[in-house]
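Got your viewer open and a selection box ready? Load the model, pick a cartoon view with side chains on demand, and follow along stop by stop.

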Amino acid sequence: MDTKFELIAAINEIEKEKGIDKEILIEALENSIVDACKAEIENAADKDAAGSKGSKSTFTGNIQAVIDRSTGEVNVFREKTVVEEVTDPQTEISLSEAQMRDPMKQPGDIVREKVVMKNFGRIAAQKAKQVLVQKIREEERKTVNEEYAELEKEVVTGIVQRYKDGDYNLNLGRIDTVLKASEQTPGEVFRPTERIKVYISRVDKTTRGPRLIVSRRNKELVRKLFEEEVAEIKDGTVEIRAISREPGIRSKIAVSSNNKDVDPVGSCVGVNGARVNAVVDELYGEKIDVIKWDDDPAKLIENALSPATVVSVDVDTEEKTARIVVPDYQLSLAIGKDGLNAKLAAKLTGYKIDIKSESQAYGD
């Protein structure tokens, strides 16, 4: 096969395999050929001036390289401006010489000369190869940066590669990242080759490609997992209005519906708990309470303390505080182990909650 056709075939193959626009590659090659041509002209000028004192030659003329997109044929041209009197032979051509080529040429017109140099082919080929490799790397890095930048605030699946110094190395497809110990959920242990879901909290662009900050602790992981499992959340019928979480132990989510005929809690729980259990499994057994959102703070706080039964709620909206009364036998359930249920309810609603039993509130 002709080497010119091989060039185009190779570029087409790169475009297909790596998803890099061939026009970007061809333009990079054309620029490399221009640089190689200028370097060769400067080298030739230096050789002609050998033995004389002076600085290294610098070519200032206008060179253009054109690669035929179909055949791969390369042509290099030098452009010169027609002038009455030449002061810079690199960029100018005399009117008399220009009119010998084309009688219609006038001062200010551009004359295009084809450039042919004996050593140019070898030098250009070497430079073109270097530029092509560099351009492929740059475009791949750019593509990966753009691809993963779009995934910021989303959930992706990673494959555990190894555990080292408390961190997990994950493969996310085209790049690797690290699940830091500080972003892990307490109690979770993963094996090599295990597939886990992580929340991409931030994507930093670097010269070596994107740097992803991923988390299993972030409460937004819970939101995204429900979006994946619940069609009504995905299509906007059901909204997650608030989330509070104690990673690895328990989460509470408050949901509302934009359709009066759709039960938001039932949609999230699913038939026989299938939907919520799928999220629980992904979070390795973390308990999840799904409660109904209410614009009335008192009702919302009552719902948030589920599964405990509430007798009364006294809310101070200015101070953002609430006094709760529950049956005596429900006090420990309302507060929760180590105060967790009350703590999550407070985070979910934004109110400081004080819980008392009926005997504490009203006396014996």
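Select Ile324 and look across to strand 15: its bridge partner there is Ile355. Keep in mind that you're looking at a predicted model. The pair belongs to a longer match, since strand 14 (residues 321–326) and strand 15 run parallel and are joined over 6 bridges.

Now widen the selection to the sheet around that pair. It is an open one made of 3 strands, in the order 13-14-15, and the pairing is mixed. Which strands sit at the edges? Strand 13 (312–316) and strand 15 (352–357), each of which pairs on one side only. Going from one strand to the next, the twist averages 15 degrees.

Next, add helix 9, residues 297–304. This helix lies across strand 13, strand 14 and strand 15, at about 130 degrees to strand 13. Don't hide helix 9 yet, as there is another sheet to check against it: helix 9 also lies across strand 11 and strand 12, running at about 155 degrees to strand 12.

So on to that sheet. Here too you'll find an open sheet of 3 strands with mixed pairing, this time in the order 10-11-12. Strand 10 and strand 12 are the edges, each pairing on one side only. Ignoring direction, neighbouring strands in this sheet are turned by 20 degrees against each other on average. Zoom in on strand 10 and strand 11, which run antiparallel and are joined by 8 bridges. For a single pair to label, try Val238, which stands opposite Ser257 in strand 11.

Turn on helix 5 as well. Helix 5 lies across strand 10, strand 11 and strand 12, at about 140 degrees to strand 10.

Now show side chains, and go for Phe226. Which residues does Phe226 touch, leaving out those up to four places away in sequence? The list is Ile233, Ile240, Ile253, Cys268, Val276, Val279, Ile288 and Val290. Phe226 is also one of the residues with the most contacts inside the largest nonpolar core, along with Ile253, Val255, Ile288 and Val290; that core has 21 residues. To see what builds it, colour the elements that give two or more residues: helix 5 (220–229), strand 10 (238–246), strand 11 (250–257), helix 7 (264–269), helix 8 (274–282) and strand 12 (287–292). Helix 5 provides the largest share, with 4 residues. Apart from this core lies another, of 20 residues, among them Ile291, Leu331, Leu348 and Tyr351.

Leu348 is a handy bridge to the next stop, helix 11 (residues 340–349). Why call helix 11 largely enclosed by the rest of the structure? Because 7 of its 10 residues are buried. Select them: Leu340, Asn341, Ala342, Leu344, Ala345, Leu348 and Thr349. These buried residues pack against strand 10, strand 11, strand 12, helix 9, helix 10 (331–335) and strand 15. Just after helix 11 comes Gly350, with a positive phi near 80 degrees.

Jump back along the chain to strand 1 (residues 62–67). In a regular strand, side chains alternate between the two faces of the sheet. Colour strand 1 by face: Ile63, Ala65 and Ile67 make up the covered one, while Asn62, Gln64 and Val66 are on the uncovered one. Strand 1 pairs with strand 2 (residues 74–83) in the antiparallel sense, over 6 bridges. One pair to pick is Ile67 with its bridge partner Val74 in strand 2. The two strands form a hairpin with 6 residues between them, and Gly72 in the turn has a positive phi of about 85 degrees.

One more residue: Ala10, in helix 1 (residues 3–18). Buried or exposed? Ala10 counts as partly exposed, because its relative accessibility is 37%. Draw a distance from its C-alpha to that of Lys22, 12 residues along the chain, and you should get 9.9 Å.

Finally, zoom out. The protein has 12 helices and 15 strands. Its C-alpha atoms fill a box of roughly 115 × 45 × 45 Å along the principal axes. The radius of gyration is 35 Å, whereas a compact globule of 364 residues would have one near 21 Å. Buried residues account for 40% of the 364. Switch on the surface to finish: the protein exposes about 20700 Å², with carbon and sulfur atoms supplying 47% of it.

Methods: Residues numbered from 1 in each chain as written. Predicted model: local features only at pLDDT ≥ 70, side-chain atom pairs only at ≥ 80, totals over all residues. Heavy atoms only, no water. Pairing = 2+ DSSP bridges. Axes fitted to C-alpha atoms, helices over the stretch in contact; angles between N-to-C directions. Contact = heavy atoms within 4.5 Å. Core = buried A, V, L, I, M, F, W, Y, C linked by side-chain atoms within 4.5 Å. Buried < 20%, exposed > 50% of the residue type's maximum accessible area, 1.4 Å probe, protein only. Rg over C-alpha atoms; globule rule 2.2 N^0.38 Å. Areas by Shrake-Rupley, 256 points an atom, 1.4 Å probe, with all protein chains shown as cover.
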